[in-house]
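Here is a friendly walk through one protein model, written to be read beside the coordinates. Please keep the viewer open as you go.

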Amino acid sequence: MNPMDNNPQQNSPPAPDLWGSAAPAAAAAAAQSPGWERSVLERLAFDTLKEQRSARRWKIFFRLVWLGLVIAFGTYLFGSDGTATKTSAEHTAVVELKGEIASGADASAEYVIAALRTAFEDDGAKAVVLLINSPGGSPVQAGMINDEIVRLKAQYKKPMYAVVEESCASAAYYIASAADSIYVDKASIVGSIGVLMDGFGFTGTMDKLGVERRLLTAGANKGMLDPFSPMNEKQKAFAQQMLGQIHQQFIQVVRQGRGDRLKETEDTFSGLFWTGEEAVKLGLADGLGSLDQVARDVVGAEEVVDYTRRENVAERFAKRFGASVGAGAVGTLRSMSLLPSVR
């Protein structure tokens, strides 16, 4: 006899599998309940619809975000030109004149005049200050700005002051002379009342290299001051006369603007320039002072509001990629030094 046969634990039947029997029972119960397929399909349909609605909401959200970004970028691109909006509080209006004075530059007549008009028109502006840091540039652009300053002062009966930072030379001083008073730093560079037309002559170099210049013109003076042709004395005299005429216009503007304050010497209109300290002694400037000092002590309105007109991104883009043939022609003339410059 096998001793294991007497063990009651060995002979007992196996325990039932409760988990195994539950699944078939549930499946059977579900199969027996009426319409269970429809219930499952409805649940799936509702879940799918919920997911679609959620995806649609997110899509609308992201579209609105992109639309907002596009509107904001468009406003920045084509909107503000950098000039201050009008304010009723009493203040000192400032317009910057920095860099070369030339058409298309930040210190062009177009930009500076637009800013000056806005500043003078503002009832809250007690006075206008032109903040200058320029070596000069175009006498035409300078003349336009000077004339507009004279007109605006007469129309609005508002004082206008020039404050010089590093330099106020040539065409920049042409403009500054229209101010009621000019304030400088003791180390500023002021003056250079003169006109020049510079260039190079390559005829000797061409002879040494054996290069022949072939220039065809319709008009005896069309190739005037060509750097690759010998200097024509008659054309040189004509150019000198033109420069002298522009110089006299410059001198007349300075005399009208400075009046009895100007202490003329033989060097005043010779093209020399002086420090701010010496310029005050010569009557080219009225005193030493910075923008904040003039606003506080001269104007009497310590708050300073900037009216400077600056290019926005769209204008810079247009200038870079949409330059006209005329602008290219002007650049060529400047590179050949055929346009006079007050600098």
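The report below moves from the overall make-up to strands, helices, cores and a few single residues.

**Overall make-up**

This is a predicted model, in which local features need pLDDT of at least 70 and side-chain atom pairs count only at pLDDT 80 or more, while totals for chains, interfaces and linings use all residues. Residues are numbered from 1 along each chain as its sequence is written, and side-chain values use heavy atoms, with hydrogens and water left out.

The protein has 12 helices and 8 strands. These elements are DSSP runs, numbered from the N terminus: helices are H or I with at least four residues, and strands are E with at least two. Of its 343 residues, 34% count as buried. Buried here means under 20% relative accessible area, exposed means over 50%, and partly exposed lies in between, with a 1.4 Å probe and protein chains only. Contact means heavy atoms within 4.5 Å. Among contacts between residues at least 6 apart in sequence, 74% join residues at least 24 apart.

**Strands β1, β2 and β3**

Let us begin with the strands. Two strands pair if DSSP finds at least two bridges between them. β1 and β2 do so in the parallel sense, over 8 bridges, and His91 stands opposite Ala125 in β2. Strand β2 (residues 125-134) also runs parallel to β3, joined to it by 6 bridges. Here Leu130 has Ala162 of β3 as its bridge partner.

How many residues of β3 are buried? In this strand (residues 160-169) the count is 8 of the 10, so β3 is largely enclosed by the rest of the structure. β1 is mostly covered too, with 6 of its 8 residues buried.

Just before β1 comes Glu90, in the loop between α3 (36-78) and β1 (91-98). Glu90 counts as exposed, at 53% relative accessibility. Leaving aside residues up to four places away in sequence, Glu90 touches Gly124, Lys126, Ala301 and Glu303. Glu90 and Gly124 are 34 residues apart in sequence, yet their C-alpha atoms are 4.5 Å apart in space.

**Helices α4 and α5**

Now to a helix pair. Helix α4 (residues 109-121) packs with helix α5 (residues 139-156) at an angle of about 10°, their axes being 10 Å apart. Axes are lines fitted to C-alpha atoms, for helices over the stretch in contact, and angles run from 0 to 180 degrees between N-to-C directions. The two helices are therefore roughly parallel to each other, a label for angles under 35 degrees. On the α4 side the contact includes Ile113, Leu116 and Phe120, and on the α5 side it includes Met144, Ile149 and Leu152. The residues of this contact divide into 10 nonpolar, 1 polar and 6 charged. In this scheme Ala, Val, Leu, Ile, Met, Phe, Trp, Tyr, Cys and Pro count as nonpolar, Asp, Glu, Lys and Arg as charged, and the others, Gly among them, as polar.

**The nonpolar cores**

A nonpolar core is a set of buried Ala, Val, Leu, Ile, Met, Phe, Trp, Tyr and Cys residues joined through side-chain atoms within 4.5 Å. Which members of the largest core touch the most other members? Among its 49 residues they are Leu116, Leu130, Ile182 and Leu284. α4 gives the most to this core, with 7 residues. Another core, of 11 residues, lies apart from it and includes Val129, Leu131, Tyr161 and Val299.

Beyond residues up to four places away in sequence, Ile182 has contacts that include Ala162, Val164, Tyr173 and Leu284. Ser181 is found in strand β4 (residues 181-184) and, at 14% relative accessibility, counts as buried. With the same sequence neighbours left out, Ser181 touches Met160, Tyr161, Ala162, Arg261 and Asp286.

**Two positive phi values**

Two residues other than glycine have a positive phi, as tabulated here.

| Residue | Phi |
|---|---|
| Ser192 | near 55° |
| Leu225 | near 60° |

Ser192 sits in the loop between β5 (189-191) and α7 (203-209) and is buried, with a relative accessible area of 10%. Leu225 lies in the loop between α7 and α8 (233-258) and is partly exposed, with a relative accessible area of 22%.

Leu225 is also one of the residues touched by Gln235, along with Ala220, Asn221 and Met224, when residues up to four places away in sequence are not counted. Gln235 is found in helix α8 and counts as buried at 10% relative accessibility.

Note on methods: Parallel < 35°, antiparallel > 145°, perpendicular 65-115°, else oblique.
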